[in-house]
Amino acid sequence: MEKTSQFKALDERYYMPAFSREIAIVKGEGSKVWDADGREYIDCVAGIAVCSTGHCHPAVVKAICDQAHQLIHCSNLYYVPHQGEVAKKIVEITGMHKTFFSNSGAEATDAALKLARVRTGRKKFVAFTHGFHGRTVGSLAITHKPAIREPFEPLGIIKTFVEYGDVDALRKVVDKETAGIFVEPIQGEAGVIIPPDSFIEGIREICDDTGALMIVDEVQTGMGRTGKWLAMQHTGVTPDVVTLAKGIASGFPMGAIAAREGLEFKKSEHGSTFAGGPVACAAALATIGVIEQILPDVSRKGARFAEGLKKYNPRVRGLMIGITIGDKCPDIQKKCAEQGVLVNCAADGNLRLVPPLTITDAEIDHVVRIIDGAIGQVVL
């Protein structure tokens, strides 16, 4: 087996240096992963909210292997095994009318942009400060962070950014030429920023008044992450379009959009070679089956984290946890890793925890102790 130093040497020579990384993960089981040098970690990054059922859940592994023995790819020129079953599940989960698959959250954003433009006939979009929707040309256009967006402009999308949470400012910029408003019900990359329900309700009202579509990015918050299938379901507000990815297939690349009745792609308006392929759909179907069983316990586990970390005023919604640390956040992240817990720093010095939904109480308590100790050593 390769050691971390070997991974690093190959990476430095042959791979474009787009990432900062030190650890080589080679094995995972449940909430734990092991690096190339044999060190064990409790994984509270989970592929950034991707490994919802834990690493290598037996039901998901079996579904992938069984399907791979039958058919790996056939293209969307034909009916695809499991595709209709997963589409039905997504429609039931989201309360939408129809769905369309992609290979990632960024592609789901691009699909939503296309759908909004073609069905409304409008070209303008509104998104929010600190929001993150992807890195493709389309999705990057409505991603706020200037450092990753501005070097690639112009990006071909007419957009306006409004301060997250400010309904009054939003009302001033949305008009009859606005195709859609993109919003994360909780901003994940920004550090688990949870807005008041009145903000989400205000967006719905503005969309109803102007005819703009309410497009909700549930890529990180969806698939049970917050204790409900969608974070929007905590508010009671129904969007027009939902984007999904990350936790949808336990790490197998997959994304989706779901839209209300009257919003769908017509023949030849959209397509994808790999999207909704047999193996991806098998993984998604198995993943949904596992989440159906564990979803009722997610909020309780989140409350356990909240209680253990309460002196740091964490922002918690299910198993999506943010703690404001400040400029010492990278030091806390490193200290936790040294002691066998993987966490990550999101924007603005916010520590983010998005562990597998299968994490145990004992693992939660251990993580809390390690984080508490790390903050004490670094910050206090």
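The axes of helix 11 (residues 298–308) and helix 13 come within 10 Å of each other and cross at roughly 25°. That angle makes helix 11 roughly parallel to helix 13, since anything under 35 degrees counts that way. Bear in mind as you look around that this is a predicted model. The crossing of helix 11 and helix 13 is right-handed. On the helix 11 side, the contact is made by Arg 300, Lys 301, Arg 304, Phe 305 and Gly 308. Helix 13 answers with Asp 361, Ile 364, Asp 365, Val 367 and Val 368. Sort those by class and you get five charged residues, four nonpolar and one polar.

Stay with helix 13 (residues 361–378), because it also packs against helix 12 (residues 329–338), at an angle of about 130° and with the axes 9 Å apart. Helix 12 and helix 13 are therefore oblique to each other. Here too the crossing is right-handed, with helix 12 passing helix 13. From helix 12 come Asp 331, Ile 332, Lys 335 and Cys 336. They meet Ile 370, Ile 371, Ala 374, Ile 375, Gln 377 and Val 378 in helix 13. By class, this contact has seven nonpolar residues, two charged and one polar.

Now for another helix pair. Helix 4 (residues 83–94) packs with helix 10 (residues 278–294) at about 40°, their axes 9 Å apart. That makes helix 4 oblique to helix 10. Helix 4 passes helix 10 in a left-handed crossing. If you want to pick out the contact in your viewer, select Gln 83, Glu 85, Val 86, Lys 89, Ile 90 and Ile 93 in helix 4. Their partners in helix 10 are Cys 281, Ala 284, Leu 285, Ile 288 and Glu 292. The residues of this contact divide into seven nonpolar, three charged and one polar.

Helix 4 also leads us to some empty space. The second largest pocket has a volume of about 680 Å³. Of the 28 residues that line this pocket, the closest to its centre are Gln 83, Thr 99, Phe 100, Phe 101 and Phe 265. Gln 83 is thus a residue with two roles in this tour: it sits in the contact of helix 4 with helix 10, and it is among those closest to the pocket centre. Which elements give two or more residues to the lining of the second largest pocket? They are helix 4, strand 4 (98–102) and strand 10 (255–259). Strand 4 gives the most, with four residues. Taken by class, the lining of the second largest pocket divides into 14 nonpolar, nine polar and five charged residues.

What about closed spaces? Rolling a probe the size of a water molecule over the atoms shows where empty space is left. The structure holds one cavity of 30 Å³ or more. The largest cavity has a volume of about 50 Å³. Around it you'll find Pro 185, Ile 186, Ile 194, Pro 195, Pro 196, Asp 197, Ile 200, Ala 231, Thr 235 and Arg 317. The lining of this cavity divides into seven nonpolar residues, two charged and one polar.

A couple of backbone details deserve a look as well. Glu 153 and Pro 154 are joined by a cis peptide bond, with omega at about 5°. Where does Pro 154 lie? Pro 154 is in the loop between helix 7 (146–149) and strand 6 (158–162). Then there is Ala 49, whose phi is near 65°, a positive value in a residue other than glycine. Ala 49 has its place in helix 2 (residues 46–49).

Finally, swing over to Thr 324, found in strand 12 (residues 321–324). Leaving aside neighbours within four places in sequence, which residues is Thr 324 in contact with? Arg 315, Gly 349 and Asn 350 are the ones. Thr 143, by contrast, is 181 residues from Thr 324 in sequence and 22 Å from Thr 324 in space, C-alpha to C-alpha.

Notes: Residues numbered from 1 in each chain as written. Predicted model: local features only at pLDDT ≥ 70, side-chain atom pairs only at ≥ 80, totals over all residues. Heavy atoms only, no water. Axes fitted to C-alpha atoms, helices over the stretch in contact; angles between N-to-C directions. Parallel < 35°, antiparallel > 145°, perpendicular 65-115°, else oblique. Left-handed = near helix turned anticlockwise from the far one by under 90°. Contact = heavy atoms within 4.5 Å. Nonpolar A, V, L, I, M, F, W, Y, C, P; charged D, E, K, R; others polar. 1 Å grid on protein atoms, 1.4 Å probe; cavity = no way out; pocket = protein on both sides within 12 Å on 5 of 7 lines; lining within 4 Å. Points joined across faces, edges and corners; volume = space filled by probe spheres on them.
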